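Trainee: I've got this model open and I'd like a close look at one part, the biggest internal cavity. Could you walk me through what surrounds it and how it sits in the rest of the fold?

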Amino acid sequence: MRQLVIAERVCLIGHIVSMVFGLVGILLVVPNAEVILNLSEVGQTAMQWSMAGGGVVYMILGAVAVFLYALRTLGLGRALAFLLPSVFISLGSELLGTSTGFPFGHYSYLSGLGYKIAGLVPFTIPLSWFYVGCVAYLLARAGLEVDKKPSLWRHVGAIALGALLLTSWDFVLDPAMSQTSLPFWYWQQPGPFFGMPYQNFVGWMGTGSVFMTVAALLWRNNPITIERSQLKVPLVVYLSNFGFATVMSLAAGFSIPVLLGLLLGVAPAVTLWWKGANASTQTQFTTVEPVTPEISVANVKVALK
């Protein structure tokens, strides 16, 4: 278990460092190409690597970190029960979207995010759906105490909130990643929301809701227990990815998507984390039953001679 925790933390730190490194490259180096010429040979090599594969690395490390976290806290069966539906359902939606325009709108991926499946969708995209979707759903599920007070409405609420957190991340990420000096995808028919069609958000909510529902059904006979300290990782992953998207959007001049994301994503995520953490602490105290000392009186036989 210790080795698993170490591997998870190494991947998580690498994920965050890769995002910071990517931000430096995209925001500082690309607009100022002369900076590269002033770097040492090692620095030039690092920047070239960052431009060529930085996006791929940070998403792979994020997916590995979250899978190891899920493996450690939920077990292999439940980790796979979220990984497989999220990857395959999101991949199906992305392939359908890039081919037909449904459910997100008409768009195409450019280079920079790795090998494209069927020549359309980078293999890293379903991984990002998995790791952001997983932490979003876990925060929602813990905050609504689905496993302590199970009910249909709590399950539905966790799925809806988890999908909202996931979609709110895209509010902020999509404008910057599709309309900056180094875009990673582009909209063939730009929409009214900073270049995005409103249909895109419906597609995100729908896709996230579908694979979270599948995961909830697969978990129905195996309620999960997440301790207070274990909720920190989902929050850190969500906030760090939101932070990456925020810096990108603000640098591109998109402040309204960031404000919407803060309202619909960050605020609910922090609230759900706080409620889930408090509920976990209360459970730890309330499940300890008072111990009543028992006095056992042994039979004493007195023999008279």
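Mentor: Let's start with the order of the elements: along the sequence the pattern runs α-α-α-α-β-β-β-α-α-β-α-α-α. That comes to nine helices and four strands. Bear in mind that this is a predicted model. Of the contacts with a separation of 6 or more, 77% are between residues 24 or more positions apart. The protein has 305 residues, and 48% of them count as buried. Its accessible surface is about 15,100 Å², with 68% of that belonging to carbon and sulfur atoms.

Now to the part you asked about. Rolling a probe the size of a water molecule over the atoms shows where empty space is left. Here that search turns up three cavities of 30 Å³ or more, and the largest has a volume of about 210 Å³. There are 19 residues in the lining of the largest cavity, and if you want to find its centre on screen, pick out Tyr109, Ile125, Leu173, Trp185 and Trp204, which lie nearest to it.

Which elements supply at least two residues each to that lining? They are the helices α3 (41-74), α5 (124-143), α6 (152-179) and α7 (198-218), along with the strands β1 (107-109) and β4 (185-187). The top contributor is α6, which gives five residues. You can match the central residues to these elements by number: Tyr109 falls within the range of β1 (107-109) and Leu173 within that of α6 (152-179). Likewise, Ile125 belongs to the stretch of α5 (124-143), Trp185 to β4 (185-187) and Trp204 to α7 (198-218). As for chemistry, the lining of the largest cavity divides into 14 nonpolar residues, two polar ones and three charged ones.

While you're at α5, take a look at what valine 87 is doing. Valine 87 sits in helix α4, residues 76-100, and touches Pro126 and Phe130, leaving aside residues up to four places away in sequence. Valine 87 and proline 126 are 39 residues apart along the chain, yet their C-alpha atoms are separated by 4.8 Å. With a relative accessible area of 16%, valine 87 counts as buried, because the cut-off for that is under 20%.

Then there are the charged pairs, with a count of four salt bridges. One joins aspartate 147 to arginine 141, and the closest N and O atoms there are 2.8 Å apart. Arginine 141 is buried, at 2% relative accessible area. Another links lysine 149 with glutamate 145, where the closest N and O atoms are 3.9 Å apart, and that pair still counts because the cut-off is 4 Å. Lysine 149 is partly exposed at 44%, whereas glutamate 145 counts as buried at 18% relative accessibility.

Back towards the start of the chain, glutamate 8 pairs with arginine 9, the closest N and O atoms being 3.5 Å apart. Glutamate 8 is buried, with a relative accessible area of 1%, while arginine 9 is partly exposed at 38%. These two don't stand alone: Glu8, Arg9 and Arg72 are linked in a network of salt bridges.

Note on methods. Residues are numbered from 1 along each chain as its sequence is written. This is a predicted model: local features need pLDDT of at least 70, side-chain atom pairs count only at pLDDT 80 or more; totals for chains, interfaces and linings use all residues. Side-chain values use heavy atoms; hydrogens and water are left out. On a 1 Å grid over the protein atoms alone, a cavity is a set of points where a 1.4 Å probe fits but cannot get out, and a pocket is an open set with protein on both sides within 12 Å along at least five of seven lines; lining residues have an atom within 4 Å of a point. Grid points are joined across faces, edges and corners, and a volume is the space filled by probe spheres set on the points. Ala, Val, Leu, Ile, Met, Phe, Trp, Tyr, Cys and Pro count as nonpolar, Asp, Glu, Lys and Arg as charged, and the others, Gly among them, as polar. Buried means under 20% relative accessible area, exposed over 50%, partly exposed in between (1.4 Å probe, protein chains only). Contact means heavy atoms within 4.5 Å. Accessible areas come from the Shrake-Rupley method with a 1.4 Å probe; for residues, only the protein chains shown count as cover. A salt bridge is a side-chain nitrogen of Lys or Arg within 4 Å of a carboxyl oxygen of Asp or Glu.
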